[in-house]
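Please open the model in your viewer and keep the selection tool at hand. The tour makes its stops one chain at a time.

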Amino acid sequence: MAPRKSERILNLTICLLASRRFVTREQIREVVEGYRGLSDGAFERTFERDKDELRALGVPIETGSNSPLFDDEVGYRIRRTDFELPPIELDADEAAVVALAAQSWQQARMASSAQSAWAKLRAAGVETDTARITTMSPTVVAREGAFEPLWQAVLNRSVVRFEYRRPSGETSRRTLQPWGVTSSRGRWYVVGHDVDRDAPRMFKMSRILDQPEVVAGPDAFEVPADVDVRALSRSLDPAPATGEAVVAVRADRAPRLRRRGEPVDHPLPAGTPDGFAAYRVGYADEGAFVADVASFGPDVLVLEPAAVRRRVVDHLAGAARALAGAGERA
Amino acid sequence: MSSSVQVQRLLALVPYLLSHDGADLAETAREFGVTPKQLRADLSVLYMCGLPGLMPGDLIEIDLDAVDGAGTIHLTNADYLARPLRFTADEVLGLVLGLRSVRELAAGPVRRTIDSALAKLEAVAGAGQEVAERVTVSVQSADDRIRDQVATAIDSGRRLRLVYDTPERTTEREVDPARVSLRDGVAYLEAFDLGRDDWRTFRLDRIASAEPTGTPAADHGPLPPPAEGWLQALSGPARVTLELRPGAAWVAEYHPVERVETDPATGHLHATLPVTDPGWLRALLLQLADEVRVLDPAGAADEARQAAEQALALYRQLGLGSDT
């Protein structure tokens, strides 16, 4: 039963924490309520499980011997300096932003970890008025099913294997030493060493088709000291412009395009309706630019270069044809 | 309730109660994110714990009469648990990632507060510190200047004139700003829009300028509760079902999709999407062109087709058609 188990584990913690000396298994069995009365085998199993559980919570259980002469008599203790949270003082403003951050998680495991961290800070004497910040309402999400297993694998350095779908649609089995995770605009990515390709790779978690499976670990690899996850995740930023076009934009329209361009003094063809103005706009991928310009319909016209303009006209003609069949099932 | 979650909480509860003598049961439960009933059960567990031997003087002392009567907690005789346990990596990262996210929508003074809090947390982070270097968050937000102007206006209760870019056009709005929020990695301003006489949500990255009008903001009552996420926010009645050919398959991943299935005959995806803004659908269809068909409802493609025809007519009229 859970309460009994909690009692036993807490009593074990207090026993190991209160003793300066290593406490032997026999002594533990004798003095900790909950172990007494167990058979030898049951005691061994229960004690091992309890130790594992405490270590998983981050309780540092040290193994050693009190006497250099009888070092076969192994005992356990918890060193206070390893156990206790070092002093931390947050002023009221700092405490308020930490409280806000702790409450922001919408992912179950992270929400519970953040809550538990906050409880420790409160227990360490951090005081705040939790209703202090009402003008910010942050939420942090991680809906991807692969998030939790990958997060765990990053924390304990386990090698994982999963089925990954590339943007082209083809799927492949990938084996990864996960170094870190990164979130961009609410979507999560894992960065690591792709074992089969022997190179750093980044994977979008929403394209992972199954639950990542741990194939080695924990502590199955070392993260190279010079890994810069921030730099690796920079490929998520927009690519630098390689091409340039001059477009005519109707007044106030297509702000996304106007804001990234600059007004230019370019002659507009005779008969251009009032309100149009010319802008020079850079782009990284011509095909994507053509589709983007077309999405604004009659509000944006490509003037130069002629090749891009012809592609936009063809794209629009294709749209007009495809959309004429609207409502009919293929 | 798993025992390890309970043990984790108990190890924080004891130092908290030692330093908050007479703590209120309900308030403490709130602090620890549990029900008062669960907290009462936690106290029953602690009541049975103490130094080895568990003789009367060894046990943790809790005044259970005061707990069940006045709802106040007095816990003593547990000085060996005066400090909480160190952070686990998970705990540190929960706070650090949360703070880094909040930082992306905060204005100058709050950013500095966050930076000093992060530095203090890193100093006690232990093993989590090393992993913290390998997790990053970036959010779609505004530049520092816009964030500062918006935050100043919220804090001082002043009205703002926004130059705001909708996907289709640049607009001017007069708003009374109330709160900045973060949802799905995008930062928003929630404000009362005077022109529309209602609360509106503005994407921070689409605010081109935000200048005070010189007028104090009016009282519009409490903000409506924040939307839970895209699915709830977009649960309007309009829906469209599209056939997505290979070049458009990314749409099913990129946009919130309510249902998606593969047509066994063609291998194309059939995706149903919510439509809150007809302009958004028109732009999407024009962008996808020949890679998309509208399956349902009839007429949903009309606006996009007309826009394509108007654009083609304009190119021809100006002598810019494909034959030039």
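Start in chain B and select strands 12, 13, 11 and 14: they form an open sheet of 4 strands in the order 12-13-11-14, with antiparallel pairing. Strands here are DSSP runs of E with at least two residues, numbered from the N terminus, and two strands pair if DSSP finds at least two bridges between them. Now colour the edges of the sheet, strand 12 (259-262) and strand 14 (292-296) of chain B, each of which pairs on one side only. On average, neighbouring strands of this sheet are turned by 25° against each other, direction ignored; the axes behind such angles are lines fitted to C-alpha atoms, for helices over the stretch in contact, and angles run from 0 to 180 degrees between N-to-C directions.

This is a predicted model, in which local features need pLDDT of at least 70, side-chain atom pairs count only at pLDDT 80 or more, and totals for chains, interfaces and linings use all residues. Residues are numbered from 1 along each chain as its sequence is written, while chains are lettered from A and ligands numbered from 1 in the order in which they are written.

Next, select strand 11 (residues 239-244) of chain B, which is joined to strand 14 of chain B by 4 bridges, the two running antiparallel. Within this pair, B:Thr241 stands opposite B:Asp296.

Move to chain A and select strand 10 (residues 243-249), which pairs with strand 13 of chain A in the antiparallel sense over 4 bridges. Here A:Ala248 is opposite A:Leu301 of strand 13.
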